[in-house]
Amino acid sequence: MKFDVVVVGSANLDLVAQLDRLPRPGETLRANSYSEYAGGKGLNQAVACARMGANTAFVGCIGDDDAGKYLRGILDSEGIDSTHVRVVNAPTGRAFINVDAHGENSIVVVSGANAHVGSDESEFKIPDGGIVLAQLEVPQNVIALAFSKAHDNGSQTVLNPAPAAPLNEKLFDLTDVLVPNETESLALGGISALLKSGVGKIVVTQGELGAEIVSQSGTERIAPFSVTPIDTVGAGDAFIGAMCAELARGSSLQEACRMASVAGALATTVRGAVPSLPTRSAVLVAQGTKT
């Protein structure tokens, strides 16, 4: 079976505290509320792809614990193929998230089972997919192996270099579309350095300012979609998932990013990562397009 999008990545349980403001170093604040959500960039982006209509598979690891069972249940309920989700002897990943009254956030991630993705190479299979998408919450050597297999299958590869970290040089050559935010772009040396790295196209997400598509032939701006944000957690994942789903449909990168800009904006209007990820119908309605 060939999938539209195959996501290789992390699955976490997000532990979210709502505060009036983010704490300063050494400061203790009282939260206004607390919630738990499914999360992890890999799982978020897989759900975003599925809700945008893409036939999606997820490759990752969870622990043999309640959090792992809960996350597998989320994948199954979203219609995402979880055949290649492996249970390992480690706790399921966690993310500790503080969100302030303006929707800004700070996040601490504990890898847990995510560090074991690809640790058993004999069991590390990449299903056939039009797009293979990854992030940096699993080991880079595993992403390189996945992207190499993807190219062998004729798939297009998309990398979200988050959280920001120096990239293995091999990954540049194996990545067709790199999707950093502005902070991640700077951490990788800036646009000029990235253009020399071997990556074909770069999509820089810029939050409320929209996005830019950068290639050797120039830069194209993607206009923002105006909303009143309440929680920015998951917005970047919504953008990337929507972009990949639209690319799998045969859209141009420009068309895909325009849809993704709306999806990312809509995600900021709902609290929590997975709950905020919009459906394709919601994106089309927001654009004023008949579904």
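**Exercise 1. Locate V138 in this predicted model, decide whether V138 is buried or exposed, and list what V138 touches.**

Solution. The place of V138 in the chain comes first: V138 lies in the loop between β8, residues 129-135, and α3, residues 140-152. The next step is accessibility, and since buried means under 20% relative accessible area, V138 at 5% counts as buried. When residues up to four places away in sequence are set aside, V138 touches G9, S10, N114, V117 and I143. For a distance across the model, take S252, which is 114 residues from V138 in sequence and 28 Å from V138 in space, C-alpha to C-alpha.

**Exercise 2. Describe the largest nonpolar core and the separate second core, and state which members of the largest core touch the most other members.**

Solution. The largest nonpolar core holds 49 residues, and L43, V203, M243 and C244 are those that touch the most other members. Helix α8, residues 253-267, gives the most to this core, with nine residues. A second core, separate from the largest, has 34 residues, and V88, V117, V138 and F172 are included in this second core. The loop residue V138 of the previous exercise is thus placed in the second core, and V117, one of the residues that V138 touches, is included there too.

**Exercise 3. Work out how far helix α1 is covered, and give the surroundings of L43.**

Solution. Helix α1 spans residues 41-51, and nine of its 11 residues are buried, so that the helix is mostly covered. The buried residues in α1 are G42, L43, N44, Q45, A46, V47, A48, C49 and A50. For L43, neighbours up to four places away in sequence are not counted, and the residues touched are then S10, A11, A38, F58, L71, I74, L75 and V274. S10 appears in this list and also among the residues touched by V138. After the helix comes G53, which has a positive phi, near 95°.

**Exercise 4. Characterise V177 by its strand, its accessibility and its contacts.**

Solution. V177 is found in strand β10, which comprises residues 177-178. The relative accessible area of V177 is 2%, and V177 is therefore buried. With neighbours within four places in sequence left aside, V177 is in contact with Q156, T157, V158, L159, K201, V203, M243 and L253. Two of these contacts, V203 and M243, are named among the residues of the largest core that touch the most other members. C244, named with them, is 67 residues from V177 in sequence, and the C-alpha atoms of V177 and C244 are 10.0 Å apart.

**Exercise 5. Decide whether G207 and I97 are buried or exposed, and place each in its element or loop.**

Solution. G207 lies in the loop between β11, residues 201-205, and β12, residues 211-215. Its relative accessibility is 67%, so G207 counts as exposed. From G207 to V142 the separation is 65 residues in sequence and 29 Å in space, taken C-alpha to C-alpha.

I97, by contrast, lies in strand β6, residues 93-99, and with a relative accessible area of 3% I97 is buried. Leaving aside neighbours within four places in sequence, I97 is in contact with D14, L15, V16, A17, N105, S106, I107 and V233. G79 is 18 residues from I97 in sequence, while the C-alpha atoms of I97 and G79 are 27 Å apart.

**Exercise 6. Identify the cis peptide bond between A162 and P163, and state where P163 lies.**

Solution. The peptide bond from A162 to P163 is cis, with omega near 0°. P163 lies in the loop between β9, residues 156-160, and α4, residues 169-174.

**Exercise 7. Compare the radius of gyration of the protein with that of a compact globule, and summarise the fold as a whole.**

Solution. With 291 residues, a compact globule would have a radius of gyration near 19 Å, and the protein has 18 Å, which agrees. Along its principal axes the C-alpha trace spans about 50 × 45 × 40 Å. The protein has 10 helices and 13 strands, and 52% of its 291 residues count as buried. Of the contacts with a separation of 6 or more, 66% are accounted for by residues 24 or more positions apart. The accessible surface comes to about 12500 Å², and 50% of this surface belongs to carbon and sulfur atoms. The 21 positive and 31 negative charges have mean positions that are 2 Å apart.

Technical notes
Residues are numbered from 1 along each chain as its sequence is written. This is a predicted model: local features need pLDDT of at least 70, side-chain atom pairs count only at pLDDT 80 or more; totals for chains, interfaces and linings use all residues. Side-chain values use heavy atoms; hydrogens and water are left out. Helices (H or I, at least four residues) and strands (E, at least two) are DSSP runs, numbered from the N terminus. The radius of gyration is taken over C-alpha atoms; the globule rule is 2.2 Å times the number of residues to the power 0.38. Buried means under 20% relative accessible area, exposed over 50%, partly exposed in between (1.4 Å probe, protein chains only). Contact means heavy atoms within 4.5 Å. Accessible areas come from the Shrake-Rupley method with a 1.4 Å probe; for residues, only the protein chains shown count as cover. Lys and Arg count as positive and Asp and Glu as negative; His and the chain ends are not counted. The place of a charge is taken as NZ of Lys, CZ of Arg, CG of Asp or CD of Glu. A nonpolar core is a set of buried Ala, Val, Leu, Ile, Met, Phe, Trp, Tyr and Cys residues joined through side-chain atoms within 4.5 Å.
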